[in-house]
Amino acid sequence: MLKADLHVHTAYSMDCDTSLEQVIERCLDIGINCLAVADHGTIAGAIKLKEMAPFRIIVAEEILSHSGEIMGLFLTEEIPSKLSAEETIARIRAQGGIVSIPHPNDKLRSSAMKSPELEAIMPDVDIIEVLNSRSLSPGSAARAARLAQRYGKLAAAGSDAHTFNEIGHAYVEMPEFTGKGDFLESLSKGKIHGHMSSPSAHLASTLTRIKKRLA
């Protein structure tokens, strides 16, 4: 079985300074053997980590559309920010990718997709992230789970790690898969595990963002 953390950031994100080597070390220490590396606006780190890691890496990207963040999995090309949600999804689909919505309806994140824009794109969504370890909004996990159930979407979990010790705070225990062709089938058989990260994790990523801007 895989222990898959399906939402992780690396130093290739503007608000994270976790090196690729730290990601690998942390995963080996805690038994996480599958990651969706979804840096903000880039797949460069995911591609590099896929070459380095002794476990499965899904090349992903967290893309800021006009309506909020959308995640593409199994990507081969970067997708730019500030497109419409529909165009963002079309570009994910054009390269055979899978569409996931991270932290939906999170009231404390300006970047989160919210209703009614969220409901409008649901026919084109594959996955709803029902557990995000960084969601501070009360009831966010329950709202996300209800959304997935209402529309019959697969449920996923991710730590949304921006520091190395957050990796693995949320994950899906799921059967092995060979690639994007059977990933969704494997995910449908998965079990979600995890807990919330400390609110101080947000301070760490804020400070990293400021540091990188100053640099």
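## A briefing on this predicted model

Leaving aside neighbours within four places in sequence, His 169 is in contact with Asp 5, Arg 26, Ser 133, Ser 159, His 193, Gly 194, His 195 and Ser 197. Keep in mind as you explore that this is a predicted model. The protein chain has 7 helices and 9 strands, and the strands come together in an open sheet with mixed pairing. The points below start with His 169, move out to the whole chain, and then visit the sheet, the aromatic rings and some backbone details.

**His 169 and its surroundings**

- You can find His 169 in the loop between E7 and strand E8 (170-174).
- The relative accessible area of His 169 is 16%, so this residue counts as buried, the cut-off being under 20%.
- The contacts of His 169 include residues with low numbers, such as Asp 5 and Arg 26, and residues with high numbers, such as His 195 and Ser 197.

**The chain as a whole**

- A compact globule of 215 residues would have a radius of gyration near 17 Å, and the 16 Å of this protein chain agrees with that.
- The C-alpha trace spans about 40 × 40 × 35 Å along its principal axes.
- Of the 215 residues in the protein chain, 53% are buried.
- Take the contacts with a separation of 6 or more: 64% of them are between residues 24 or more positions apart.
- The protein chain exposes about 9400 Å², and 54% of this area is supplied by carbon and sulfur atoms.

**The sheet**

- To walk across the 9 strands of the open sheet, follow the order E7-E6-E5-E4-E3-E2-E1-E8-E9.
- The edge strands are E7 (154-158) and E9 (191-194), each of which pairs on one side only.
- From one strand to the next, the twist averages 30°.

**Strand E4 and its two partners**

- Which strand forms a hairpin with E4? It is E3, with 2 residues between the two strands.
- Strand E3 (residues 56-65) pairs with E4 over 6 bridges in the antiparallel sense.
- Across this pairing, Leu 64 stands opposite Glu 69 in E4.
- E4 (residues 68-73) also runs antiparallel to strand E5 (residues 98-101), and 3 bridges join these two strands.
- Met 71 has Ser 100 in E5 as its bridge partner, while Leu 73 stands opposite Ile 98 in E5.
- How many of the residues of E4 are buried? The count is 6 of 6, and E4 is mostly covered.

**Aromatic rings**

- The structure holds 3 aromatic pairs.
- In one of them, Phe 74 and Phe 183 meet edge-to-face, with 5.2 Å from centre to centre and 65° between the planes.
- Why does this pair tie together parts that are 109 residues apart in sequence? Phe 74 lies in the loop between E4 and helix H3 (85-94), whereas Phe 183 lies in helix H6, so the ring pair links these parts.
- Phe 177 and Phe 183 have ring centres 5.1 Å apart and planes at 80°, so this pair is edge-to-face as well.
- Ring pairs link Phe 74, Phe 177 and Phe 183 into a cluster.
- Are these rings on buried or exposed residues? Phe 74 and Phe 183 are buried, and Phe 177 is buried too.

**Leu 184 in helix H6**

- Leu 184 sits in helix H6 (residues 180-188).
- Leu 184 counts as partly exposed because its relative accessibility is 25%.
- Not counting residues up to four places away in sequence, Leu 184 touches Ile 98, Asp 126, Ile 127 and Leu 154.
- Leu 154 is 30 residues from Leu 184 in sequence, yet their C-alpha atoms are 7.8 Å apart in space.

**Backbone details to look for**

- Most residues other than glycine have a negative phi, and most peptide bonds are trans.
- Asn 105 is not a glycine but has a positive phi of about 55°.
- Asn 105 lies in the loop between E5 and H4 and is buried, with a relative accessible area of 16%.
- Asp 160 is not a glycine either, and its phi is positive at about 60°.
- Look for Asp 160 in the loop between E7 and E8; this residue is buried, with a relative accessible area of 2%.
- The peptide bond from Ser 115 to Pro 116 is cis, with omega near 5°.
- Pro 116 belongs to the loop between E5 and helix H4 (117-121).

Notes. Residues numbered from 1 in each chain as written. Predicted model: local features only at pLDDT ≥ 70, side-chain atom pairs only at ≥ 80, totals over all residues. Heavy atoms only, no water. Pairing = 2+ DSSP bridges. Helix = DSSP H or I, 4+ residues; strand = E, 2+ residues; numbered from the N terminus. Axes fitted to C-alpha atoms, helices over the stretch in contact; angles between N-to-C directions. Rg over C-alpha atoms; globule rule 2.2 N^0.38 Å. Buried < 20%, exposed > 50% of the residue type's maximum accessible area, 1.4 Å probe, protein only. Contact = heavy atoms within 4.5 Å. Areas by Shrake-Rupley, 256 points an atom, 1.4 Å probe, with all protein chains shown as cover. Phe/Tyr/Trp six-rings, centres within 6.5 Å; stacked < 30°, edge-to-face > 60°.
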